[in-house]
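Biologist: Could you take a close look at the cysteines for me, and then at the charged pairs? I'd like the details in one go.

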Amino acid sequence: MKFIDLFAWIWGIKIWFENAWFKCVFSNDFDKNAQITFDANFLNSKIILWDIQKIPTDIIPDFDVLCGGFPCQPFSVAGYRQWFKDENGRGNLFFDIIRILKDKKPKAFLLENVKNLKNHDKGNTIKVIYSELEKLWYKVTDKVMNSMEYGNLPQNRERIYIVGFLDEEVFIPLIKSIHDCLEESEVDDKYYYNNKPLYEKLSEDVVKKDTVYQWRRKYVRENKNWVCPTLTANMGMWWHNVPIVLNGKWIRKLTPRECANFQGFPKNYILPNIADSHLYKQFGNSVSIPVIERIAKNMNLALTK
C-alpha cells in the first residue's frame with residue numbers, strides 16, 4: 001500500500017511505515033535543513049520542499065494512507081496555545097490536511113501532535129478536528145501514547161495519535177534504560193559544562209548517574225522516573241531545555257546522536273554536517289520511531305483484512 005508523508009521533518013514516520021510494508025509516494029516539508037538530513041539518509045527518494053498551502057492536490061500521486069505530524073506549536077504547553085489564531089498560520093495548516101483528504105479520499109490517515117491538543121481550549125479544538133474529519137466520512141479515534149510505555153524508549157514523551165479507524169491497544173513494558181541511549185565512546189569536549197559559567201550552578205544539583213536533568217533557565221530540574229524528559233525543538237538554544245547527564249565526574253548535555261537514540265532512530269541513521277542547533281531541533285521535533293512502527297503495522301493489518 002502507498003502513503004504520503006506531510007510535514008515530514010526528518011522522516012521518522014517514513015522509516016517505520018516503509019518497514020511496515022508501505023511504500024512512500026510523496027514527501028513534503030519546507031525546512032531546508034531538514035532536506036539536508038533527508039538527502040543524507042534517503043538517497044533514492046525525493047522530497048518536495050514547498051509550502052503545503054501552495055501544493056495543488058492534483059500533483060500528489062494516489063495513495064492509501066495520509067501521514068502528517070502537523071505543526072504542534074499552536075497547541076503545545078511550551079508554546080502560546082493559540083490554535084487557529086497562531087500569527088504564523090501554523091494552526092490553519094490542519095485544513096490543508098482536510099483539503100487533501102477530501103480531494104484524494106485515501107483509505108486511512110495517521111495524524112500526530114502534542115498531548116495538549118486533547119484538552120486545548122477546554123476540548124473545543126479536538127472537537128473541531130473530529131468534526132472536520134467526520135464530515136469526510138472517516139471513523140476517527142485517538143490515543144495519547146507515551147514513548148516509554150509504547151515504544152520501549154527511556155523518554156517521557158506523550159503524544160496524541162489520531163487515526164481514521166479503530167486501533168488496538170498495545171503496550172510494551174519499558175526495558176531499556178537511559179544508558180542504552182548514551183554514547184559509550186568519548187564525547188567531544190564542547191558538550192561538557194566544566195569550566196563554563198553554568199557549571200557552578202549545575203554541580204550543586206546534578207549528582208546522580210542514573211538520572212537525566214534539565215536546565216530550566218534559572219534552575220535544575222531532576223527527572224525522578226529515571227527516563228529522559230521530553231525532547232523539545234528548542235533544545236540547544238541558550239542552553240535551555242537540553243537534557244543533562246553526569247558522566248563520571250563530568251557534567252555534559254546530550255549529544256545530537258543521543259537525542260536520536262532517545263527517539264529510537266536506527267544506529268545507521270546519518271546525522272549530516274550541520275549545526276548542532278539544527279540537529280537538536282530536528283530530533284526534538286520528531287516522532288518516536290518504535291511507536292510509529294507499532295501504529296503502522298496495526299494500520300496495515302486493519303487495511304488488509
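Modeller: A residue counts as buried when its relative accessible area is under 20%, and as exposed when that area is over 50%. Keep in mind that this is a predicted model. With that cut-off, Cys-181 is buried because its relative accessible area is just 2%. Cys-228 is buried too, at 0%.

Now for the sulfurs. The structure holds zero disulfides. Cys-181 has the sulfur of Cys-228 as its nearest cysteine sulfur, 8.1 Å away. Since a disulfide needs the two sulfur atoms within 2.5 Å, Cys-181 is in no disulfide. Cys-228 is unpaired as well: the nearest cysteine sulfur, at 6.9 Å, belongs to Cys-259.

On to the charged pairs, where the count comes to 12 salt bridges. One of them joins Glu-18 to Lys-14, with the closest N and O atoms 2.8 Å apart. Both sit in helix H1 (residues 12–19), four residues apart, or about one turn. Glu-18 is partly exposed at 31%, whereas Lys-14 is buried at 1%.

Helix H3 (residues 94–104) has a pair of its own: Arg-99 and Asp-96 meet in a salt bridge at 3.0 Å, N to O. They are about one helical turn apart because three residues separate their positions in H3. Arg-99 is partly exposed at 23%, and Asp-96 is buried at 8%.

Then there's Glu-258, which bridges to Arg-252 with N and O 2.7 Å apart; both of these residues are buried.

How values were computed: Residues are numbered from 1 along each chain as its sequence is written. This is a predicted model: local features need pLDDT of at least 70, side-chain atom pairs count only at pLDDT 80 or more; totals for chains, interfaces and linings use all residues. Side-chain values use heavy atoms; hydrogens and water are left out. Buried means under 20% relative accessible area, exposed over 50%, partly exposed in between (1.4 Å probe, protein chains only). A salt bridge is a side-chain nitrogen of Lys or Arg within 4 Å of a carboxyl oxygen of Asp or Glu. Helices (H or I, at least four residues) and strands (E, at least two) are DSSP runs, numbered from the N terminus.
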